[in-house]
Amino acid sequence: MGKILKAQEIRRGFMLDHIYGFDEARLHPPDLDGLKQALKTLPKRYKRLLVAFWGVGGGRPRSLDELAAVEGCTRERIRQIIAKTYRMLRHPSRRDLIFHE
């Protein structure tokens, strides 16, 4: 059980590094409750795809191809949605939930 929780923490860290940049995520440790709150503000599809892509919440990380097959769209469209989700999470209102300076 401990290994699973550690793997989830590592994936969350990689996700935050990717969204905000390594330096920001390390200088200002994220509030994981704030991350959950920020994810709740996203449209359901965006949240579902981002969580599945990173494998946060107990699942394994999914590839763009796997997500595209489930969603019935192209791999490129999934990439675009995930990129937009990153931009949405960088918005100051959500960023302030995740990082308390």
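A residue counts as buried when its relative accessible area is under 20%, and as exposed when that area is over 50%. Keep this in mind as you work through the exercises on this predicted model.

**Exercise 1.** Find where in the protein chain confidence is lowest and where it is highest.

*Solution.* Start with the whole: the protein chain averages a pLDDT of 77, and 67% of the residues score at least 70. Next, go to the helices. Helix α2 (residues 22-27) has the lowest confidence, with a mean of 50, while helix α5 (residues 64-71) has the highest, at 95. Finally, look at residues 1-5, where pLDDT stays under 50 and the model has 0 contacts beyond four places in sequence. Where pLDDT is low, the predicted coordinates should not be read in detail.

**Exercise 2.** Work out which residues of α5 are buried and which are exposed on the other side.

*Solution.* First, pick out the buried residues of α5: Leu 64, Leu 67 and Ala 68. They cover an arc of only 100 degrees around the axis, so they lie on the same side of α5. Then turn to the other side of α5, where Ala 69 and Val 70 are exposed. Last, ask what the buried residues pack against: these are α4 (44-54) and α6 (75-90).

**Exercise 3.** Identify the helix that gives the largest share of the largest nonpolar core.

*Solution.* Begin with the core's 20 residues, of which Leu 39, Leu 50, Ile 78, Ile 82 and Leu 89 touch the most other members. At least two residues come from each of α3 (32-40), α4, α5 and α6. The largest share, 6 residues, belongs to α6. Now zoom in on Ile 82: leaving aside residues up to four places away in sequence, Ile 82 touches Leu 49, Leu 50, Phe 53, Leu 64 and Leu 67.

Note on methods. Residues are numbered from 1 along each chain as its sequence is written. This is a predicted model: local features need pLDDT of at least 70, side-chain atom pairs count only at pLDDT 80 or more; totals for chains, interfaces and linings use all residues. Side-chain values use heavy atoms; hydrogens and water are left out. pLDDT is the predictor's confidence in each residue, from 0 to 100. Helices (H or I, at least four residues) and strands (E, at least two) are DSSP runs, numbered from the N terminus. Contact means heavy atoms within 4.5 Å. Buried means under 20% relative accessible area, exposed over 50%, partly exposed in between (1.4 Å probe, protein chains only). The arc is that of the directions from the helix axis to the C-beta atoms. A nonpolar core is a set of buried Ala, Val, Leu, Ile, Met, Phe, Trp, Tyr and Cys residues joined through side-chain atoms within 4.5 Å.
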